[in-house]
Amino acid sequence: MSDLAISTQGLVKVYSKVKAVDGLNLSVPRGAVYGFLGRNGAGKTTTLKMLLGLARPTAGSARVLGCDIVRQRAEILCRTAFVGENKALYDQLTPAEMVRFTRSFYPGWSDAAAEKCARQLEIPMQQKFAKLSKGNRAKVWLLLALGQAAELLLLDEPTAGLDPFMNDALLKLLAEDTAFEGRTVFFSSHHLAEVEQICDWVGIIDEGRMLLEARLDEIREHYRLVIAAGRDLPVGKTAPVVAAARNGQFSRYLVARDAEAFAAQLKSQGAAVTDVTPLSLREVFLELVRKEEPCTSGNAGVTHAVASLPF
């Protein structure tokens, strides 16, 4: 059995000559909480649809729980729970009635998980769906997904419509479910704070391309911004540089590891290193997807790509 719950190789999806996903390579370990980050329109939802077999790839390949997304779609759907961006259900049914209806389709249904979700998210189980607020409707969808006790949860912007208190409650619920049951959670978001709260891994996507995939702990521990002054300093993607830019005699480097050694290398080339600063996930994200200046030619949008950094 593969150690990966999700893996893609060169995944491409084209709609009317527009590449929504462009050569995506993705690796999601089993048992991880993986935050799939990107701005609106970055290709997150299209990727999720392909993983579920709801959209056919134009090129490339992918496997979910060891199953090919094209040839083994039915098996993937049996082992995966999904909450999409369009949350519509039967208006005249209550959440309690929806649970009774839904559970019959899932042999592994967990009443305990459904009851825990209803309690912690304060879902009005006897009120008809049509009369529920947007936030409560979103919570019903999440209850039905968690109740399936699936091996993999695929969630597209799961906290949309939730107030801050319920947002926090949901994230804790997902973290607990993964820790105690060993499930994999893969959720798309552009809210960095919620990703930092519960995720083990992050992938940053922009214009359908993977810019960075790493453990969150590695980003916190090793990623640094190095600023140096000097002439003819390198600006390229040679490891460990993730992104780089130059403004006059000053160069900035987003470095994935060994920042002190990299700074020493710059000093050996005659540079004056003025700063070596730790970076948060938010700062790394903003540097990678920023569009004020063009990316260095030939390196945009690949893992450890060279991107422009503002001064």
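Let's start with Arg103, which is partly exposed, with a relative accessible area of 36%. Its side chain meets that of Asp111 in a salt bridge, at 2.5 Å from N to O. This is a predicted model, and the points below walk through its salt bridges, its aromatic rings and the surroundings of one threonine, Thr58.

**Salt bridges**

- Side chains of opposite charge can pair when their charged atoms come close.
- The structure holds eleven salt bridges, and the pair of Asp111 and Arg103 is one of them.
- Asp111, the acidic partner of Arg103, is partly exposed as well, because its relative accessible area of 33% falls between the limits of 20% for buried and 50% for exposed.
- Another salt bridge joins Asp168 to Lys172, with the closest N and O atoms 3.2 Å apart.
- Both Asp168 and Lys172 sit in helix 6, which covers residues 164–181. They are four residues apart, or about one turn of the helix.
- Asp168 has a relative accessible area of 27% and is partly exposed; Lys172 is also partly exposed, at 46% relative accessibility.
- Lys19, Asp22 and Arg209 belong to one network, joined by salt bridges that share partners.
- Within that network, Asp22 bridges to Lys19, and the closest N and O atoms are 3.5 Å apart.
- Is Asp22 buried or exposed? Asp22 counts as buried, because its relative accessibility of 18% is under the 20% limit.
- Its partner Lys19, in turn, counts as partly exposed at 46% relative accessibility.

**Aromatic rings and a nonpolar patch**

- A pair of aromatic rings is described by the distance of the centres and the angle of the planes.
- The model has five aromatic pairs. Tyr90 and Phe101 form an edge-to-face pair, with 6.0 Å from centre to centre and 80° between the planes.
- Which parts of the chain does this pair tie together? Tyr90 lies in the loop between strand 6 (80–83) and helix 3, while Phe101 is in helix 3, so the pair links parts that are eleven residues apart in sequence.
- Ring pairs also link Tyr34, Phe36 and Phe186 into a cluster.
- On the surface, Tyr90, Phe101 and Phe105 make a nonpolar patch of about 360 Å².
- Phe101 is partly exposed, with a relative accessible area of 41%.
- Phe105 counts as exposed, because its relative accessibility of 54% is over the 50% limit.
- You can find Phe105 in the loop between helix 3 (95–103) and helix 4 (111–120).

**Around Thr58**

- Thr58 is found in the loop that runs between helix 1 (44–51) and strand 4 (59–64).
- With a relative accessible area of 46%, Thr58 is partly exposed.
- Which residues does Thr58 touch, leaving aside those up to four places away in sequence? They are Val12, Lys13 and Val14.
- One of these, Val14, has its backbone nitrogen 2.9 Å from a polar atom of the Thr58 side chain.
- For a sense of distance, the C-alpha atoms of Thr58 and Leu281 are separated by 32 Å, and the two residues are 223 residues apart along the chain.

Definitions and conventions: Residues are numbered from 1 along each chain as its sequence is written. This is a predicted model: local features need pLDDT of at least 70, side-chain atom pairs count only at pLDDT 80 or more; totals for chains, interfaces and linings use all residues. Side-chain values use heavy atoms; hydrogens and water are left out. Helices (H or I, at least four residues) and strands (E, at least two) are DSSP runs, numbered from the N terminus. Buried means under 20% relative accessible area, exposed over 50%, partly exposed in between (1.4 Å probe, protein chains only). Contact means heavy atoms within 4.5 Å. A polar contact is a pair of N or O atoms within 3.5 Å; within protein, one must be able to donate a hydrogen and the other to accept it, and residues adjacent in sequence count only if both atoms are side-chain atoms. Patches are made of residues with over 30% relative accessible area and no salt bridge: like charges are joined within 9 Å, nonpolar side chains (Val, Leu, Ile, Met, Phe, Trp, Tyr) within 5 Å. Accessible areas come from the Shrake-Rupley method with a 1.4 Å probe; for residues, only the protein chains shown count as cover. A salt bridge is a side-chain nitrogen of Lys or Arg within 4 Å of a carboxyl oxygen of Asp or Glu. Rings of Phe, Tyr and Trp (its six-membered ring) pair if their centres lie within 6.5 Å; planes under 30 degrees apart count as stacked, over 60 as edge-to-face and the rest as tilted.
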